[in-house]
Structure formats: structure tokens, C-alpha cells
Amino acid sequence: MTPPLGPTSGPDLDRRELSTLSPSSAVEQLGEAIAQLAQRLHAATYELLVMLREFDAQSGWNNGFQSCAHWLHWRTGIDLGAAREKVRVARALERLPRLSGAMQRGEISYAKVRALSRIATPENEPRLLDLACTGTAAHVERVVRAWRWCDRVEEARDTERRHLGRSVSTWVDGDGMVILRARLTPELGAVVQRALDAANQRLYEESRQAAAPESVAEEITPAQRRADALGLLAESALAAGLDRGVAADRYQVLLHVEAGPAAGGSTGDGPAHAAIELEDGAVRVSAETSRRLACDASVVVIEEGPEGSALDVGRKTRSIPPAIRRALNARDGRCRFPGCTARHCDAHHITHWADGGGTSLDNLLLVCRRHHRLVHEGGIGIERGAGGAVTFLRPDGRRIETAPRLTLTDPPALGVMASSRGLPCWDGTRFNLAYVVDVLRPPAGAVT
């Protein structure tokens, strides 16, 4: 039986008597049993979060699933949003021992911990734990919303200050060199750094194939290569007319077919050569990579003679006609891999068209870029059964269930929890949200 609550804030002892829980009827005893079971559920939820954190740390979900949340959504049948929240809370509790201990004892609910984990730090955790133990779940949610609003106001001020401080300056030095100085916002700076890294890597790969320098003066330092990379970015942008290009034409798969007796039929081994057409020419790729790209890409067939000269170049065609693509999007809507919710997908041929598979709805399905790569290069198999049902298979042949059945084994005994701290000590006084946030949340720049 739950013991009486201690006195709340304030001298009124009669209020303590009103808070005393002493069930005198069967229905009140039923209510107390519900409360005790709820405390045990809080403790069991904590145990689930601990196990989930360990599972996530060991990457147990990394066998075809996009994230731990996607695996949890698939394996347990809970909503993907709820799964993401559980993974987030599980990770956050690792650095919040006081909240973890209270939830482990069933003193505070998952709803309170979920809300507080958005703002809790090791520094403010003791104060937030007092709030969780004395206030209701509604109080906690209101405080967290107000707290985060204050954080967003400060963050917006910082963001606006950064945005107004962006600048790029260029001038010519005394020796004729052009000097650039830039202050960029974090998101724009990340884009520029990524572009410079890509151009720098390209120049490095080209230099590896060049002749070795004959003197120290001919050697290129990393700083010099970054300067060349910046020039390459500018030249590429001007040559492209500052056009980002069309996403559907990023890849072109060139299928080389020798003129002669073998040209009239397939050898059964698929294309002998495949390459991705880049700005500097064709780059050889693996057979499975070429098959993946050819599933949903522009295709140009080139007939070549024995000496490698082009005899005929076919027209660029789409492997998936637009009408079939629209019907496929309407039928599938998202990636068909179990547990995946991605909507930006490739069209995959279950039996590849290079092996004689037809480009029809019965032989196509949508998969996201990640799972498309796993199907071709990662060993994941696909089978289509009667009625169009699709089954994904692990590399060892085991099925990946679309919605796994949950089987309940004997649950571990959690014990009877009679602690009264699971009940808020709120005495009904009007909740002053502004005052609570001012007390709990230190001002910006303050040392806690």
C-alpha cells in the first residue's frame, strides 16, 4: 500500500491530511493497484531505454536499417516518431544519472523524462528533478516549452548577428597577387569547405598520375593545391553557366557491345564494361554498381569495333519510362524495405533488364538510395511472391519480416514499488510559469 505523502510546501497541515492515501473501498484499492502498476511500467520503460542505448551503441540495427529508430519502429511496431524519441531519450539519460535513478525507481514517468531530456544538462539536472517530482506532467511540459522558447530567442539573435556579419573581400596585393578574405555563416561555410575538398581531391588524383617533379620548386604544397581547387570551382561554375544541373542526368551508363557474332545475342554474363560518364570522361565502376545505376538512369548504347572505334551511338533513353514511373510512385509511395519511410527513391528492377527482366510494374519497386546500394552491393535479396508480395532476404537467406510478430516471454519480476515520490506534491497553487523559468533557467552567460 502506498504510504501517505509528506507535508507539502506551506504550513497548512490540513492539506497534508487531504493528500493522505488510505484506500477504504474496493474501487480505491483498485486505483492504488493501477498506480503501483504504473510505477512498475515506468521502471520497465527505463530498463527498455538502457537496453536500447546498449543496442544502439553496438550498432545492432546496422544490418540494413537506416537508423536505430527505424529498426525499433520495424521490430516493435511503434510509430517512427515515437521510436526516434525513445532513442533520443535513451542516449540523453546516459549523462543524466539523477533523472535515470528516479525513473528506474518508478518515481517519475517517461513523459516527464522525455520532456526534461530536451533541456537537461548535468549542471541543471538537480533542479529539474525537483520540478519533475513536485509538478505534474503538464507543468513539466509547459516549463520545457517556455525554456526552449527562451533558448530559441537567444539562438535567433546569434544567428541574425552571424548573418549580418557575413562578408567577402578581395583586393590586389603589392606583388599583383589577389587576396580573398571571407566570413561565412556556418551552413554556407560548410558548403564551401565541402566543394573545396572535392576539388582538392580531384586535383590530387590527377597529380598522382602526372610525372614526378624534377625539382623542389615544382612540388605542390597543400596550400597551393587548395588555391588551385578554388580556381577549379570558379571555372566549373562559369563553364556550367552557374546551373546546378538536373538530378536525373547525374549518371550515364555506357554499355560497350563489340560488333560481330556476339553482338546479336547476350552472352549471359551481362555487360563486359561499364563506366560512369563524368566531366573528364568515363570512370570504370564495378559490375554491380553499374547495374544499380542502370536500374533508373539515362542509358546510351555504343557499338564499338575490335579496335575500340565507335561504330554506332544509340539515342539516350530512360530505363524507366515516365508513365511507368508515375504508376510506380502511386503504387509504392516510399521505399519498400521493411521499416524504411524514405520517399526519395530509385526504381529497382527485381530481375535486371540486362538479364532479360522487363520494365513493368510487376518487375519494379521503389527503394531508397541506401537500400538500393544494399540490394546490389550489399547482398540483400528480393523475391516477389504470389499476388505481388515482396520479400527481402538477408545475405544468409533469412527473411526480413515486414512486421515482426511480438512474442511475450516470462517478464522479469520488477518487485512492488511503494514509493510515494511517483505522485506530484503540487498543492493546487496557481502555476506561475514565468517565475519558474526565471528560477530554474540561468540567464545567458551566467555561471551555474
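## Salt bridges, aromatic rings and a buried core

Because R88 and E85 are three residues apart in helix 4, about one helical turn separates them. Helices here are DSSP runs of H or I with at least four residues, while strands are E runs of at least two, and both are numbered from the N terminus. The side chains of R88 and E85 meet in a salt bridge with an N to O distance of 3.0 Å, where a salt bridge is defined as a side-chain nitrogen of Lys or Arg within 4 Å of a carboxyl oxygen of Asp or Glu.

The structure is a predicted model, in which local features need pLDDT of at least 70 and side-chain atom pairs count only at pLDDT 80 or more, whereas totals for chains, interfaces and linings use all residues. Residues are numbered from 1 along each chain as its sequence is written, and side-chain values use heavy atoms, with hydrogens and water left out.

### Salt bridges

By the rule given above, the count comes to 10 salt bridges, and three of them are described in this table.

| Pair | Closest N to O distance |
|---|---|
| R88 and E85 | 3.0 Å |
| R118 and E85 | 3.3 Å |
| R292 and E377 | 3.0 Å |

The side chain of E85 also meets that of R118 in a salt bridge. Since R118 lies in the loop between helix 6 and helix 7 while E85 lies in helix 4, this pair ties together parts that are 33 residues apart in sequence. E85, R88 and R118 are thus linked in a network of salt bridges. R88 counts as partly exposed at 25% relative accessibility, and R118 counts as partly exposed at 32%; the scale behind these words calls a residue buried under 20% relative accessible area, exposed over 50% and partly exposed in between, using a 1.4 Å probe and protein chains only.

R292 forms a salt bridge with E377. This pair links distant parts of the chain, with R292 in helix 11 (residues 287–295) and E377 in helix 13 (residues 369–377), 85 residues apart. R292 is buried, with a relative accessible area of 14%, but E377 is partly exposed, with a relative accessible area of 31%.

A charge is also found over a ring, since K86 lies over the face of Y110 at 4.6 Å from the ring centre; the rule asks for NZ of Lys or CZ of Arg within 6 Å of the ring centre and within 35 degrees of the ring normal.

### Aromatic pairs around F337

A pair of aromatic rings is described by the distance of the centres and the angle of the planes. Rings of Phe, Tyr and Trp (its six-membered ring) pair if their centres lie within 6.5 Å, and planes under 30 degrees apart count as stacked, over 60 as edge-to-face and the rest as tilted. By this rule the count comes to four aromatic pairs. In one of them, the rings of F65 and F337 have centres 5.6 Å apart and planes at 75°, so the pair is edge-to-face. This pair joins distant parts of the chain, 272 residues apart, because F65 is in the loop between helix 2 and helix 3 (68–76) and F337 in the loop between helix 12 (322–332) and strand 9 (345–349). Both F65 and F337 are buried.

The rings of F337 and F392 have centres 5.1 Å apart and planes at 65°, so this pair is edge-to-face too. F392 lies in strand 12 (residues 390–393), 55 residues from F337, and F392 is buried, as is F337. Together, F65, W74, F337 and F392 form one aromatic cluster. Leaving aside neighbours within four places in sequence, F337 is in contact, meaning heavy atoms within 4.5 Å, with G64, F65, H371, I380, F392 and I400.

### The nonpolar core and helix 5

F337 and F392 are also among the residues with the most contacts inside the largest nonpolar core, which has 60 residues. Such a core is a set of buried Ala, Val, Leu, Ile, Met, Phe, Trp, Tyr and Cys residues joined through side-chain atoms within 4.5 Å. The largest share of this core, six residues, comes from helix 4 (residues 80–93).

The buried residues of helix 5 (residues 97–104) are L99, S100, G101, A102 and M103, and what covers them includes helix 2 (26–57), helix 4, helix 6 (110–116) and helix 7 (125–134).
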